[in-house]
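Biologist: Could you walk me through the empty spaces and the ring contacts in this one? Keep it casual, and give me your reasoning as we go.

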Amino acid sequence: MAAPADKTIKDLSGKWVMNKELSDDFDTILQMQGVGWMMRKIISMATITLTISEYIEEGTNLTHIDIQQVASGGIQGTTERRTLDWEFREHKDGIFGEVEGKSRWILLENVDKGPDREWLTRGWLDESGGEHVQSYVVCEKGGWTAEQIWGFEEINDARYHTRHVVVRKGDDWKQARLVYNFQSAA
C-alpha cells in the first residue's frame, strides 16, 4: 500500500515493507559493500520490513529515528538508532560489520555537489518545508561510503516513502532507489 497522506518525513513511525517491484535492484551495491554471493541471494529473496519509531527527544528538539529491520520468516536484522544532529556514531551492523554513520535534516539545495548529486536530489515531492533526511555511513574496513536521501515520491500515481542510495568505493559508485509500502501503525 502506498503511503497515507498523514505519513510524512516528519512522522515515519509505523511498519514499512520494501516494495521490490518498484525498488531498483541493489545487488551491485551489496557486492560493492563486500557482501558475499550467498547473503546477497538471501537478501534478494527476503521480504524486508522496517518498524520505525520517529520522535523528538524531550528538552533537546533533536529528532531520533529508530529502525528495527526484520526479514521474512522473522529473521531479526539490524537495529538502527539515528539522531539527526550530523554527529558520527559507531554502529555494529549484522551484514556490514563496524560502521560509523551520521544523519540530519537537509534541504535538497544543500546536498553536496558531485557526480551523484542529481540522482540524490531528483524526483522528490515538495513536502515538509522541503526537508529530507540525509544519512552518511563510512565503512573503513570495507573501504566504502554510503549516502542516502529519504523522502516521498509519486510513482505510478501513488505516493511512496523512498530512499535514494549512493555507495562509493574509490572512484566507483553505484545507485539505487528503495521504495517502501506503508503496512500499519507500529
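Biologist: What volume does the largest cavity have?
Modeller: Keep in mind that this is a predicted model. The structure holds one cavity of 30 Å³ or more. For that largest cavity, the volume comes out at about 40 Å³.

Biologist: Which strands each supply at least two residues of the lining of the largest cavity?
Modeller: The lining consists of Ile9, Leu125, Glu127, Ser128, Glu131, His132, Gly151 and Phe152. By type, that's three nonpolar, three polar and two charged residues. Glu131 and His132 fall in the 131-139 stretch of one strand, and Gly151 and Phe152 fall in 144-155, the range of another. So the strands you want, going by the DSSP runs, are E7 and E8.

Biologist: Moving on to the open spaces, which strand gives the largest share of the lining of the largest pocket?
Modeller: That pocket holds about 1100 Å³ of space. It has 48 lining residues, and the closest to its centre are Gln69, Thr78, Glu80, Asp93 and Phe96. The lining divides into 25 nonpolar, 13 polar and 10 charged residues. The largest share, eight residues, comes from residues 75-83, strand E4.

Biologist: And how many charged residues are in the lining of the second largest pocket?
Modeller: This one has a volume of about 170 Å³. Of its 16 lining residues, Asp112, Asp116, Tyr136, Glu147 and Arg168 are the closest to the centre. Next to five nonpolar and three polar residues, the count of charged ones is eight.

Biologist: Now the rings. How are the planes of Phe96 and Trp144 arranged in their aromatic pair?
Modeller: The structure holds four aromatic pairs. In the Phe96 and Trp144 pair, the centres are 5.3 Å apart and the planes make an angle of 70 degrees. Anything over 60 degrees counts as edge-to-face, so with 70 degrees the pair is edge-to-face.

Biologist: How far apart in sequence are the parts that this pair ties together?
Modeller: Phe96 is partly exposed at 25% relative accessible area, whereas Trp144 is buried at 3%. Phe96 lies in the loop between strands E5 and E6, and Trp144 lies in strand E8, so the parts tied together are apart by 48 residues.

Biologist: Last one: which ring does the charged end of Arg104 sit over?
Modeller: There are a couple of charge-over-ring contacts to look at. The charged end of Lys10 sits over the ring of Trp105, 3.9 Å from its centre. For Arg104, the charged end is 3.9 Å from the centre of the ring it sits over, and that ring belongs to Trp86.

How values were computed: Residues numbered from 1 in each chain as written. Predicted model: local features only at pLDDT ≥ 70, side-chain atom pairs only at ≥ 80, totals over all residues. Heavy atoms only, no water. Phe/Tyr/Trp six-rings, centres within 6.5 Å; stacked < 30°, edge-to-face > 60°. Helix = DSSP H or I, 4+ residues; strand = E, 2+ residues; numbered from the N terminus. Buried < 20%, exposed > 50% of the residue type's maximum accessible area, 1.4 Å probe, protein only. Lys NZ or Arg CZ within 6 Å of the ring centre and 35° of its normal. 1 Å grid on protein atoms, 1.4 Å probe; cavity = no way out; pocket = protein on both sides within 12 Å on 5 of 7 lines; lining within 4 Å. Points joined across faces, edges and corners; volume = space filled by probe spheres on them. Nonpolar A, V, L, I, M, F, W, Y, C, P; charged D, E, K, R; others polar.
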